[in-house]
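The report that follows reads one chain and its ligand from the overall make-up down to single residues. Please keep the sequence and the model open side by side while reading.

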Amino acid sequence: MENASTSSLARTKSDQLLETVATTAEKSPPSAEGGGVLSRKSSWRMTASSPGGGGGRNTYIRKARSAQLKVEVDEVGSGVALSRASSASLGLSFSFTGFTLPPDEIADSKPFSDDDIPEDIEAGTPKPKFQTEPTLPIYLKFTDVTYKVVMKGITTTKEKDILKGITGSVNPGEVLALMGPSGSGKTSLLNLLGGRLIQSTIGGSITYNDQPYSKFLKSRIGFVTQDDVLFPHLTVKETLTYAARLRLPNTLTKEQKEKRALEVIDELGLERCQDTMIGGSYVRGISGGERKRVCIGNEIIINPSLLFLDEPTSGLDSTTALRIVQMLQDIAEAGKTVVTTIHQPSSRLFHKFDKLILLGKGSLLYFGKASDAMDYFQFIGCAPLIAMNPAEFLLDLANGNVNDISVPSELKDIVQVGNAEAETCNGKPSASVVQEYLVEAYDSRVAEIEKTKLMVPVPLDVELKSKVCSCKRQWGASWFEQFSILFSRGFKERRHDYFSWLRITQVLATAVILGLLWWQSDAKTPKGLQDQAGLLFFIAVFWGFFPVFTAIFTFPQERAMLTKERTTDMYRLSAYFVARTTSDLLLDLVLPVFFLLLVYFMANLRLGSGRFFFSILTVFLCIIAAQGLGLAIGATLMDLKRATTLASVTVMTFMLAGGFFVKKVPIFISWIRYISFNYHTYKLLLKVQYEHITPTIDGIRIDSGFREVAALTAMVFGYRLLAYLSLRRMKLQAGN
Ligand SMILES: Nc1ncnc2c1ncn2[C@@H]1O[C@H](COP(=O)(O)OP(=O)(O)OP(=O)(O)O)[C@@H](O)[C@H]1O
């Protein structure tokens with residue numbers, strides 16, 4: 001019922017007339033502010049038809065609209081009307097040249113001037129210029145974009161519409177803001193436009209210089225996500241320098257790349273904190289605004305043609321937010337195309353945007369110049385009744401909240417005729433009725449005009465257009481350069497971990513306790529030999545258990561960073577994998593040496609440099625194999641809770657099958673010991689210590705040891721290969 005009534009109301013002949021007028025006005029020269037004021041008055045008048053008697057609700061409204069139409073037709077017939085129509089259109093269509101509301105009407109909507117921007121408060125320097133070296137200009141157009149997600153329940157599967165036919169465009173040099181209440185679909189739309197959601201449930205068309213998305217665009221798109229994904233222990237300068245070295249084209253030298261990082265630090269006013277650590281939950285670091293600027297710096301360092309930002313101002317004070325939005329304006333002025341979601345901008349911020357998309361529950365409520373948004377809504381009969389920040393007004397409308405907002409007669413009528421479903425307790429139309437009206441109003445008055453405009457081809461030559469189609473990936477550095485940059489970055493990021501006193505104390509304290517418990521043990525008696533074998537088994541278990549539980553954190557902890565960096569083709573996965581799994585190795589092998597030194601001499605194990613060396617080698621092999629298992633579990637599950645559960649079950653099984661607790665194992669399960677690194681390590685340690693005393697210890701035969709070394713070596717590589725393959729198939733898309 002409601003649907004039918006609001007839809008029929010939304011489009012009338014008078015609206016068609018206004019569209020025609022609006023299109024005509026596109027050709028008229030830009031108007032002065034006065035024209036805007038005039039247009040605003042006319043839009044008010046157009047929608048302020050007083051309700052009267054009449055038959056059915058629809059009949060009445062049609063009458064009211066035709067009366068209104070009559071006035072317009074009469075006026076259009078005269079020269080005065082034509083000039084008025086064009087000035088009216090200057091205030092209400094999407095071809096307008098801008099309109100400024102009188103300051104007394106919207107208290108918080110004073111037009112923003114550059115003088116209002118504080119100079120670089122933190123750095124105390126004038127606003128730096130952004131890199132203006134030419135970039136490939138990208139015209140982004142999207143028509144009727146739809147997006148659904150399939151929600152799987154226990155028994156049912158249903159589809160949820162996230163975006164319902166969104167149309168818009170943004171050109172180089174412009175900032176497009178996506179606004180709407182929480183959950184309206186801003187992030188989804190941004191991900192879609194940024195090529196981060198590629199699924200079969202996406203409809204409509206998104207083009208970049210009239211071409212579909214291609215791999216080439218990965219290196220031309222900068223995407224600042226809502227969550228700041230940064231390494232907490234790197235400094236600002238290190239963060240940006242590594243990004244420059246990995247992302248800038250390999251035609252530049254290392255020095256040129258580092259210079260570019262310094263330029264970005266300068267452009268973003270980060271000089272003062274360039275040597276400060278980024279910080280995180282446990283480490284104090286730079287401020288929220290500085291973090292945001294570092295994230296933006298990470299993206300603008302590549303001089304992108306298209307920059308997407310998800311809520312770049314959330315959680316920041318209004319001055320810092322303004323500074324960031326001003327920065328986006330500067331970036332756009334340098335020829336880039338900027339698209340940003342924004343939650344609740346202050347009016348000063350709002351006036352910084354060139355274009356605006358207002359979303360409500362996944363539907364398009366407005367697309368056009370940000371400065372024309374108020375006029376459009378006034379034209380369709382929704383205006384603030386009290387002084388209100390434009391963004392607040394628009395969000396209220398998008399939420400369907402019309403307290404302190406005048407509503408058009410159509411909506412008032414719905415309430416007046418006593419439609420209980422359409423009415424809220426205070427006599428205002430319900431949120432769903434308001435939203436339906438806004439969607440219909442946009443669809444009927446503006447959508448088609450906008451779609452027609454988007455049919456016009458982008459004014460670029462064929463060569464520039466075809467560049468976008470290229471499917472060639474562009475790596476910023478060779479495989480070895482990527483490896484060495486990632487190795488050094490990993491080393492710097494985790495340097496504090498290596499010398500963590502907690503970890504050192506844990507290992508050394510265990511060694512001392514073992515040394516005391518087995519103090520000067522004697523392997524010459526059978527009981528002493530039995531005791532020492534227990535110590536060797538514990539060493540095999542300890543250095544199997546410890547590395548597994550350290551390694552399972554590796555990939556799940558870096559998942560966000562890996563996804564972010566791989567989405568932008570920053571490096572090859574193989575280079576990352578080798579760097580990540582080797583950068584910790586050297587230091588991981590230092591602690592066991594001290595551990596074994598303490599235990600060896602305190603427990604009086606078999607002396608001799610050869611014996612000690614082979615014992616250390618055996619422990620090293622065990623550590624690297626166990627790390628492989630941890631990496632494989634972490635990379636396969638990518639979830640710490642599940643990974644620790646699986647790891648504890650596996651480690652326990654390997655320990656039980658290690659040959660110390662149980663000797664006579666049923667044949668059908670006895671194979672399990674061959675996949676246990678504890679078993680092979682224990683056998684090798686027994687061989688190193690006792691091969692000269694006895695050929696069999698506690699039922700375990702001492703042989704050449706080649707089989708054990710081969711098994712451990714196979715585990716070192718096998719588990720790592722599994723980890724690598726699991727990372728390869730990890731989904732990189734947002735929304736998964
Ligand atoms: N993969 C998904 N599965 C299920 N629901 C989803 C998925 N992605 C998005 N949604 C839903 O789609 C709606 C829009 O989400 P989106 O994150 O785009 O909103 P938003 O406007 O950016 O919100 P916010 O301002 O709070 O970040 C939400 O209701 C969200 O729960």
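A helix here is a DSSP run of H or I that is at least four residues long, and a strand is a run of E of at least two. With those terms, the span of residues 612-633 is 100% helix and 0% strand, and its end C-alpha atoms lie 32 Å apart. The model is a predicted one, and the values in this report are computed from it.

**Overall make-up**

The secondary structure of the protein chain comes to 28 helices and 13 strands. Of its 736 residues, 45% are buried. Among contacts between residues at least 6 apart in sequence, 77% join residues that are at least 24 apart. The largest nonpolar core holds 169 residues, and those with the most contacts inside it are Met179, Phe308 and Cys622.

**Strand β8 and its partners**

Strand β8, residues 355-360, has six of its six residues buried, so it is largely enclosed by the rest of the structure. Lys355, Ile357 and Leu359 point one way from the strand, while Leu356, Leu358 and Gly360 point the other way, and residues of both sets are buried.

Two strands pair with β8, and they run in opposite senses relative to it: β3 (residues 175-179) runs parallel to β8 and is joined to it by four bridges, whereas β9 (residues 363-369) runs antiparallel to β8 and is joined to it by six bridges. On the β3 side, alanine 177 has leucine 356 of β8 as its bridge partner, and on the β9 side, isoleucine 357 is partnered by phenylalanine 367. β8 and β9 form a hairpin with two residues between them, and lysine 361 in that turn has a positive phi of about 50°.

**Methionine 179 and helix α13**

Which residues does methionine 179 contact, leaving aside its neighbours within four places in sequence? They are Ile342, Leu356, Ile357, Leu358, Ala391, Leu394 and Leu395. Leu356, Ile357 and Leu358 among these belong to the buried residues of β8, and Ala391, Leu394 and Leu395 are listed among the buried residues of helix α13.

Helix α13, residues 390-399, is mostly covered, with seven of its 10 residues buried. Beyond the three just named, the buried residues of α13 include Pro390, Phe393, Leu397 and Ala398. Just after this helix, glycine 400 takes a positive phi of about 80°.

**The shell around the ligand**

The ligand is surrounded by 14 residues, the closest being Ser182, Gly183, Lys186, Thr187 and Ser188. Strands β1 (140-152) and β2 (157-170) and helix α6 (186-193) each supply at least two residues of this shell, and α6 gives the most, with three. By residue type, the shell divides into three nonpolar, nine polar and two charged residues.

**Annotated transmembrane regions**

An unreviewed UniProt entry carries the annotation "transmembrane region" for residues 498-521, 533-556, 577-600, 612-633 and 645-662. Two of these spans are compared with the model below.

| Span | Distance between end C-alpha atoms | Helix | Strand |
|---|---|---|---|
| Residues 533-556 | 37 Å | 92% | 0% |
| Residues 612-633 | 32 Å | 100% | 0% |

**Single residues**

Most residues other than glycine have a negative phi. Against that background, aspartate 144 has a positive phi near 50°; this residue is placed in strand β1, and it counts as partly exposed because it has 15 C-beta neighbours inside 10 Å. Glutamine 520 also has a positive phi, near 45°, but its place is in the loop between α19 (501-517) and α20 (526-551), and with 9 C-beta neighbours inside 10 Å it counts as exposed.

Leucine 217 lies in the loop between β4 (202-208) and β5 (221-224). Is leucine 217 buried or exposed? Leucine 217 has 23 C-beta neighbours inside 10 Å and therefore counts as buried. Its C-alpha atom is 9.4 Å from that of proline 304, although the two residues are 87 apart in sequence.

Methionine 602, in helix α24 (residues 590-602), has 19 C-beta neighbours inside 10 Å, so it counts as partly exposed, given that 20 or more are needed for a residue to be buried. Leaving aside neighbours within four places in sequence, methionine 602 is in contact with Gly515 and Trp519. The C-alpha atoms of methionine 602 and aspartate 266, which are 336 residues apart along the chain, are separated by 58 Å.

Key: Residues numbered from 1 in each chain as written. Predicted model: local features only at pLDDT ≥ 70, side-chain atom pairs only at ≥ 80, totals over all residues. Buried ≥ 20, exposed ≤ 12 C-beta atoms within 10 Å, placed from the backbone. Pairing = 2+ DSSP bridges. UniProt positions renumbered as here; feature names shortened; annotations may be inferred. Near = placed C-beta within 6 Å. Nonpolar A, V, L, I, M, F, W, Y, C, P; charged D, E, K, R; others polar. Core = buried A, V, L, I, M, F, W, Y, C linked by C-beta atoms within 7 Å. Contact = placed C-beta atoms within 7 Å.
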